[in-house]
Amino acid sequence: MNLSSLCNGFLLWGREVYWINRNGGSIMKEYNPNDIEPKWQSIWADKQLYKSSSNPNKPKYYVLEQFPYPSGEGLHMGHARVYTIGDVVSRFWRMNGRSVLYPMGADAFGLPAENAAIQRGVNPRDWTLKNMERIKEEQSLMGMSYDWDRYIGTCLPEYYHFNQWIFLLFYERGLAYRKKASVNWCPNCNTVLANEQVIDGLCWRCDTEVTKKELEQWFLRITDYAERLLEGLDQLPKWPERVKAMQRNWIGKSTGADVTFALPEINEEITVFTTRPDTLYGVTYLVLAPEHPLVIKLIKGQKQEQTILDFVEQMKKATEVERTAENVDKIGYPTGLYAIHPLTKEKVPIWVGNYVLMDYGTGAVMGVPAHDERDFQFAKKYQLPIKQVIQQPEPTEGQLTAAYTGEGPLIHSAAFDGISNRKAIQAIAKHLEEVGKGGETTQYRLRDWLISRQRYWGTPIPIIYCDHCGVVPVPKEDLPVYLPEDVVFDGKQNPLTTSESFVHTTCPQCGNQDARRETDTMDTFIDSSWYYLRYIDPHNHEKPFDSDLVNQWLPIDEYVGGIEHAILHLLYSRFFTKVLYDAGLVNFEEPFTSLLSQGMVLKNGAKMSKSKGNVVSIIEASNTYGADAARLFMLFTAPPERDVEWGDSSNVEGSARFLKRVWRLIHDHHGLFEGEELDHAPLDDVAKELRQRLHQTIKKVTAEIGERNHFNTAVSAIMELVNEIANYPAESHRGVLKDALETLIILLAPFVPHITEELWQLTGHPKSIHLQPWPAYNEQFLKNDTIELVIQVNGKVRGKITVPIDLSKEEIESQALAHERIQELIKDKEIVKVIVVPARLINIVVKA
RNA sequence: GCCGAAGUGGCGGAAUUGGCAGACGCGCACGACUCAAAAUCGUGUACCUUUGGGUGUGUGGGUUCGACUCCCACCUUCGGCACCA
């Protein structure tokens with residue numbers, strides 16, 4: 001191939017390229033990322049290089065990153081890291097012959113747009129759409145290979161139409177319901193929050209302390225799926241253990257028993273939940289949560305009525321923090337009434353106490369001070385009786401000083417005396433069931449998902465209230481319920497309530513013209529609970545997606561995202577998928593087969609944030625170092641799940657330096673790609689070594705990306721190859737060198753797509769490198785004729801020998817023993833034994 | 001308290017099955033090139049040392065010919081849950 005034919009190749013790309021010969025004395029064309037990166041980005045876009053289509057002849061691979069919220073601030077390197085990881089994976093599998101789906105979108109509903117409307121009078125839609133465009137540009141700047149034809153924005157009616165559709169599906173299936181409840185209220189965001197969105201008593205978005213409010217709200221019955229959400233985790237071996245642990249904690253399963261105590265005086269019953277039915281005979285009192293519905297009835301006409309009512313009111317107003325902080329004292333009041341113990345028929349006093357929570361279990365607990373720390377404290381404080389029912393190994397003299405929570409045989413427990421408390425847990429629960437006073441049961445910490453939000457920029461809940469018909473769902477054919485434009489943003493009220501044209505409507509059931517629309521919108525986590533399904537069929541106007549298509553592509557093979565969604569988004573998505581499965585719309589129960597939870601990109605040891613002023617934007621990084629160097633740095637510096645420190649510039653410069661080195665290496669050998677006549681002589685030892693290194697590198701890089709997601713070690717293997725090529729003597733076999741250089745460029749392509757595309761073109765290849773098949777290694781070239789073995793004496797390395805690869809154990813042993821230095825070391829000693837590990841080492845065990 | 005993850009040079013990290021600890025990179029030092037600097041290239045870089053060697057992967061034990069890797073106990077850091085009955 002001569003220079004003009006090379007240029008022909010370049011002309012296919014529609015670009016004029018010239019070659020400058022460094023060795024010839026003129027200046028080598030410098031590696032300038034700001035030059036080549038935008039060029040290739042626009043060529044890739046024009047050629048639609050990354051358009052995906054399902055090809056029945058190829059196995060599919062669906063790789064996805066959590067889509068961004070299009071804020072006004074644009075994207076920083078934390079975002080870039082997520083996308084880079086996904087991009088490497090998608091490019092790798094594309095080159096490995098998979099039909100890859102790699103889409104992107106925007107999680108476009110949310111409060112900041114609305115706050116911008118309130119503060120600056122902008123239209124939330126225009127503001128959001130503008131940001132979406134900007135973020136797409138920034139993602140393209142990093143060289144991401146998304147299939148933009150599948151782009152979705154959740155704030156568009158084409159999308160939120162199907163949020164409403166799915167909401168109605170939940171409603172039909174009895175999984176969406178309205179109830180009046182004490183809910184979490186963020187006074188800063190002016191809206192309610194789901195339990196998952198309250199972090200340590202603070203709003204997940206703005207860190208404002210969350211208060212309680214009594215409101216009628218919409219919930220999704222995620223608790224119906226608690227057990228399946230828990231069990232499903234066991235089917236996810238490719239999820240990080242910590243994410244699964246977090247979900248397990250959140251679901252919070254505990255097994256125990258319900259116990260029913262009768263209240264003959266007022267003809268009622270109190271049911272308590274306990275994990276320790278074995279201590280039932282040690283109950284000396286009951287405690288109700290202040291919010292327990294029976295409290296009012298119990299205290300009616302009692303001495304303490306007013307005191308307790310005041311206490312209950314105070315508790316209802318308290319924030320989560322005030323109520324549950326660790327140093328909060330236990331406070332209780334006796335109601336004056338007694339319940340009947342279901343087995344002993346003894347009278348047990350009923351108290352109301354701050355430490356009992358209404359929304360866990362039954363809102364009532366039994367007090368067993370002898371065997372429970374909290375009950376012990378409470379009983380001591382209020383001088384309640386303490387009754388031991390489990391025998392301690394060494395009984396304490398006189399009064400107990402602490403609860404005994406260990407194991408032991410039961411005492412003072414009637415027929416159950418003498419049996420171990422472990423066995424008694426089940427025995428007593430079973431007995432309760434027989435006598436109709438309770439029985440084994442399971443409780444979950446998980447609570448139903450509150451999805452109503454008193455905000456504008458979200459999906460309207462498709463419900464109409466009619467004075468005649470009550471709650472009426474909007475018929476599916478009337479969807480979407482559009483967000484109205486004639487609203488007032490004053491920050492004081494839900495803007496939707498200010499749109500008369502929206503609120504005032506006709507009842508679809510009876511035609512009543514005085515019906516009202518629901519003015520709350522949906523939690524934006526609804527949007528992200530199924531968006532990964534919409535990418536499959538993004539332009540479907542009839543339904544959310546075509547089930548056959550979705551079943552072809554899903555589940556997602558690799559899902560990349562931050563740990564901050566370990567519970568929220570990932571739990572909700574799993575819930576949605578299970579509901580859609582039950583509805584027969586998808587044929588899988590878990591949407592994400594493999595989860596890659598990447599670490600943060602830190603700057604000065606802290607997460608990048610606007611308030612800390614330590615944000616490194618994508619634009620800044622790509623201008624300063626180039627997207628390729630920035631990508632390479634983040635991939636190389638640590639495995640993906642760890643945090644990386646963007647730090648001082650030297651780290652990123654190291655990556656840029658490596659790219660320059662590769663650039664020069666290729667240019668130094670440009671003759672190879674300009675029609676140099678290659679010799680066909682047999683390979684000498686140096687050439688064989690390079691070939692071996694090359695094939696080792698292919699093997700290593702393939703496994704590190706394809707099997708382990710260890711991009712850092714993949715990059716370091718490529719660096720080693722570069723070092724070896726750089727040391728390869730100019731006079732040695734040229735064909736091997738050419739092969740090594742070309743393969744090097746291909747191996748680097750998923751990591752640094754721009755520079756490799758440029759170099760691929762410069763080395764005379766007319767078609768994009770990103771359409772190249774991934775190189776295969778040859779097992780035969782991995783091996784050497786000889787191998788170096790380590791000789792140890794008593795486990796310490798004392799020498800080395802090089803032997804033919806197929807030398808027998810016996811011969812290896814005799815050669816090792818014959819080794820000069822080894823002889824010296826073992827000459828006065830008795831050889832106890834000699835261990836020969838083929839292809840590794842010889843260990844000679846000696847005694848002095 | 002319960003659950004989970006992690007502890008390796010000055011730094012980021014590597015060691016995939018129990019087999020040469022510290023690959024690769026950053027930083028640093030010295031050298032080459034240069035009037036000089038940058039860039040680049042080369043050499044060195046765990047610690048101690050009497051230059052024979054000794055020590056070393058959070059700590060203490062154990063298994064093994066051999067342990068960063070397996071077992072037991074513990075310490076520290078980070079994360080989740082937590083008056084959850």
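A residue is near a strand or molecule if one of its heavy atoms lies within 4 Å of it. The model is predicted: local features need pLDDT of at least 70, side-chain atom pairs count only at pLDDT 80 or more, and totals for chains, interfaces and linings use all residues. Residues are numbered from 1 along each chain as written, chains are lettered from A and ligands numbered from 1 in written order, and side-chain values use heavy atoms, without hydrogens or water.

**View 1. The surroundings of RNA strand B.** RNA strand B is surrounded by 58 residues. Thr-274, Thr-275, Lys-330, Arg-374 and Arg-445 are the closest. The surface near the strand has 22 charged, 20 nonpolar and 16 polar residues. Here Ala, Val, Leu, Ile, Met, Phe, Trp, Tyr, Cys and Pro count as nonpolar, Asp, Glu, Lys and Arg as charged, and the others, including Gly, as polar. Of the RNA strand B atoms within 4 Å of the protein, 62% belong to sugar or phosphate. The rest belong to bases.

**View 2. Side chains at RNA strand B.** Asn-843 has a polar side-chain atom 2.6 Å from a base oxygen of the strand. For Lys-800, a side-chain N or O atom is 3.0 Å from a base oxygen of RNA strand B. Arg-664 places a polar side-chain atom 3.4 Å from a sugar or linking oxygen of the strand.

**View 3. Cysteines without a disulfide.** The whole structure has zero disulfides (cysteine sulfur pairs within 2.5 Å). For Cys-189, the nearest cysteine sulfur is that of Cys-206, 3.7 Å away. Cys-189 is buried (under 20% relative accessible area, 1.4 Å probe, protein chains only), at 5%. For Cys-203, the sulfur of Cys-206 is again the nearest, at 3.6 Å. Cys-203 counts as buried because its relative accessibility is 1%.

Note on methods
Buried < 20%, exposed > 50% of the residue type's maximum accessible area, 1.4 Å probe, protein only. Polar contact = N/O pair within 3.5 Å; in protein donor to acceptor, adjacent residues only side chain to side chain.
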